[in-house]
Every structure is written in structure tokens, then in C-alpha cells.
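Good morning, and thank you for coming. Please look at the structure on the screen while I describe several of its parts.

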Amino acid sequence: MTNPPYIRPIPASWWLRQGRYVRYMIREATCLFIGLHALVLLVGVYRLSQGRDAFDAFLAALWSPAGQVMGAVIVLMAVVHSVTWFNLTPKAMPLWIGDRKVPGWIIVGGHYGGWIVVSAVVLFLAGGLS
Amino acid sequence: MSERQITLEVLRYRPESESEPVFQSYSVPCQEEWVVLDALNYIKDNLDRTLSYRWSCHMAVCGSCGMVINDNPMLSCKAFLRDLPDHIRVEPLHNFPIERDLMVELDDFMDKLKSVKPYLIPDQPVAEEDGTYRQSSAQLKKYKPFAMCINCMACYSVCPQYGLNEGFVGPAALALAHRYNVDSRDQGRRAREDVVASNTGIWECTFVGACSEVCPKNVDPAAAIQQTKIASTVDYFKDLLMPGKRDKSGNAKQAAGDGA
Ligand code: SF4
Ligand code: FES
């Protein structure tokens with residue numbers, strides 16, 4: 001009797017087998033922290049609707065040691081998220097000028113430039129730069 | 001010429017006597033300039049005639065010698081021993097059923113390759129007596145890298161989405177679809193979209209990017225897929241804003257001039 005072609009099972013830990021998969025999983029996992037930050041903002045809006053005291057309590061919680069640690073982790077993850085995705089943009093959005101391909105670093109640089117401008121505008125509107 | 005003793009640990013599967021694959025070790029006296037394929041040929045010629053594997057050109061052109069060497073899928077005819085340690089593990093490509101030893105079953109890929117219509121679909125075919133299609137070098141450059149695929153299947157072997165989701169069309173086939181979609185002579189993007197722009201096509205890809213890292217021909221399938229995602233999103237909004245431009249059956253073969 002001849003056995004059928006053999007299909008190798010894929011273990012649940014497949015992503016630990018190679019560095020490239022681990023890096024991919026880390027990149028994907030950073031979005032959870034972006035989600036967490038969105039949730040914090042939503043809670044803030046909700047607390048604002050409950051009045052001044054509620055909102056002050058929310059701000060105090062953000063500035064508590066635990067809140068600061070959470071904030072720092074979120075910022076770190078947001079940076080990893082942005083950097084890893086920005087670095088991939090030349091693949092998704094190649095630019096051609098005539099028959100020349102614009103070098104990848106210009107496309108990546110454009111994204112960083114845009115990031116800085118948008119951040120400055122947001123900080124300005126929030127009163128941080130005035 | 002110096003000789004180096006190398007241990008090749010080869011995954012073997014003999015369906016007539018084994019129900020699962022097992023590793024078998026061979027000690028091979030290798031020459032400095034050999035590639036892994038030479039070592040396999042040495043085994044076949046001198047140590048074990050029953051070892052099965054595919055190869056043909058021995059020059060990175062035919063794509064038939066793809067296998068996993070020390071965890072990385074590559075062409076065994078391009079894997080130089082001088083770049084590898086003394087102990088080398090050779091396995092068949094991952095994510096495909098093993099037929100025998102290092103040979104895998106490619107039927108699934110062949111079906112998927114056909115499904116993306118990998119040929120020119122011009123709006124107005126040029127009659128033979130009218131000559132050939134004209135194309136500038138700038139237009140050629142847009143698709144040329146994506147036309148270099150030799151179907152070695154390294155990208156499928158390393159793609160977790162292909163391994164985990166049976167239906168996924170996969171990197172090489174989608175890269176080939178993109179190769180035709182961006183060819184100035186082709187207007188077939190709409191004809192390909194049922195397969196390409198579907199949940200088992202480009203949208204199954206989560207941009208792991210491993211395919212592009214291992215491709216021996218620098219095809220960059222990951223880039224092809226992300227670019228197709230953008231084009232398909234633009235199509236979606238075009239259809240939403242200008243529904244009349246498309247025939248009702250959803251079969252948009254005739255969507256003239258829309259395939260650039
Ligand atoms: S895209 Fe590259 S890795 Fe994939 S089959 Fe083609 S040549 Fe091989
Ligand atoms: S034998 Fe043809 S690509 Fe390796």
C-alpha cells in the first residue's frame with residue numbers, strides 16, 4: 001500500500017520558528033496598543049460628559065504612576081508601529097518620475113516629514129507649542 | 001581543490017513504506033565550489049540511489065530545485081556550500097504535500113496560477129497582419145521585475161498565510177497577476193479581479209513580507225500585492241461613485257481603458 005502525499009502539520013507556535021515571523025508578530029501586536037490609546041481617549045470624552053470632577057479624576061488617573069507607565073508603553077508601541085509601517089511604504093506606493101523609480105528613502109522620508117508636520121499642528125492646536 | 005566533509009541531513013518520505021517523513025544523514029566529501037544540489041547529486045550517484053528530488057538547469061533558471069535548506073527556502077543550485085555550515089538540513093518546501101523525499105505536490109499552485117489569467121488580455125487585440133504591440137522602455141520597466149518569477153515556490157514555502165489558509169492564491173500567482181495588470185498592453189485587471197481582489201486573493205495577505213525576502217529572483221511579491229490592494233481600493237471607490245461605468249453582471253471585461 002502507498003501512503004498519500006504527506007502534509008506536515010503547522011504548530012500553533014509557527015511564528016516562533018524564525019526571526020522574521022517574530023518581527024512580523026511584534027509589528028502586528030503594536031496595533032493593540034494603538035487601540036488601547038483610542039479606548040483611553042473615548043473614556044476621557046465620556047468622563048468629560050459627566051462633568052468637571054469626573055474629568056479631573058480621569059486626568060489624575062492618567063498622571064498616576066500606573067497611568068504614566070501605560071502612557072510610556074503606548075508611546076513606545078506607537079513609535080514602533082509607525083516606524084515599521086513607514087519603512088514598508090515604498091513597496092506599497094512606488095513613485096515613478098518618467099521612467100525612473102523614486103528611491104525608497106525619499107518616500108519613507110516624506111512620511112516622516114508628514115508625521116512631524118501633523119504632530120506639530122496637533123501640538124499647536126492643543127496649546128503645547130504656543 | 002580542497003575537499004570538505006559535510007553532513008547532509010535530508011528529510012525522506014517513502015510513501016510505500018513510511019507513514020511520515022524521517023531525517024536521514026549522509027556524509028559527503030564536497031568540493032569548495034559546490035552547491036547543495038551537487039552534494040545531493042553526489043549522494044544519488046554514490047551513496048543512495050533512492051533519494052528523490054527535482055532539478056534541471058543547475059543555473060537558477062528553471063525553478064525546479066527549490067527546497068528548504070537550514071530553514072530557508074532556496075534554490076539548491078544557488079545555495080553555495082561555502083556559505084553554509086558543515087551540517088546542513090535539507091527539507092522539501094513547506095506548505096506543500098510531500099510526494100516523495102524532497103519532491104512536493106504542486107497541483108494547488110498550478111490551479112491558482114491558471115486562475116489569475118496570467119496572459120495578456122488586450123482591449124483591442126492587434127491583428128497579426130497589423131504587426132506587434134508597441135511598448136516603450138518606460139512601460140516595460142513598470143512590470144519587468146514582476147515578470148522574472150521562475151515558479152520556484154520559495155515564497156509559498158515561507159508564507160504563513162498560504163500555510164494556514166488553504167484558499168489563499170499566494171505570492172507568486174498574485175505577483176504575476178500584477179505583472180499583467182501593470183503591463184501597458186493589457187486591460188485585463190477587471191477580468192482578473194474576481195480571483196485577485198477577493199478574500200482569498202490580495203486581501204488574505206497581511207504583509208508578512210517573507211516572500212520578498214526569500215525570492216531568488218528579486219520579484220518582490222509583497223510589493224506587487226500591496227500595490228494591487230491600492231489599485232483595487234481605487235476601483236472600489238470608482239464603482240461606488242460612477243456605477244454606470246461598469247456592466248451590470250459585474251463582469252467588467254469591457255471596462256475600456258480602466259485597466260492601466
Ligand atoms: S516570486 Fe520569487 S520566490 Fe516566488 S515562485 Fe517566483 S521566483 Fe520563486
Ligand atoms: S536546477 Fe534549475 S533553478 Fe535550480
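I shall speak about confidence, then strands, then aromatic rings, and lastly one helix.

Please keep in mind that this is a predicted model. For chain A the mean pLDDT is 93, and 98% of its residues reach 70 or more. Within chain A, confidence is highest in helix α1, residues 19-49, at 96, and lowest in strand β1, residues 96-97, at a mean of 87.

Let us turn to the strands of chain B. Strand β1(B), residues 3-12, pairs with strand β2(B), residues 22-31, in the antiparallel sense over 10 bridges. Here I6(B) stands opposite V28(B). Strand β1(B) also runs parallel to strand β5(B), residues 87-91, and 4 bridges join them. In that pairing, E9(B) has R89(B) as its bridge partner.

Next, the aromatic rings. Over all chains there are 13 aromatic pairs. In one of them, F86(A) and Y112(A) meet edge-to-face, 5.3 Å centre to centre, with 90 degrees between the planes. F86(A) belongs to helix α3 of chain A and Y112(A) to helix α4 of chain A, so this pair ties together parts 26 residues apart in sequence. Are these two residues buried or exposed? F86(A) is buried, at a relative accessible area of 16%, whereas Y112(A) is partly exposed, at 24%.

Finally, consider helix α9(B), residues 221-241. Its 21 residues reach 30 Å from the first C-alpha to the last. Its buried residues include P221(B), I225(B) and D235(B). Among the elements that cover the buried residues of α9(B) are α3 of chain A and α6 of chain B.

Conventions: Residues numbered from 1 in each chain as written. Chains lettered and ligands numbered in written order. Predicted model: local features only at pLDDT ≥ 70, side-chain atom pairs only at ≥ 80, totals over all residues. Heavy atoms only, no water. Helix = DSSP H or I, 4+ residues; strand = E, 2+ residues; numbered from the N terminus. Expected span 1.5 Å × (residues − 1). Buried < 20%, exposed > 50% of the residue type's maximum accessible area, 1.4 Å probe, protein only. Contact = heavy atoms within 4.5 Å. pLDDT = per-residue confidence, 0-100. Pairing = 2+ DSSP bridges. Phe/Tyr/Trp six-rings, centres within 6.5 Å; stacked < 30°, edge-to-face > 60°.
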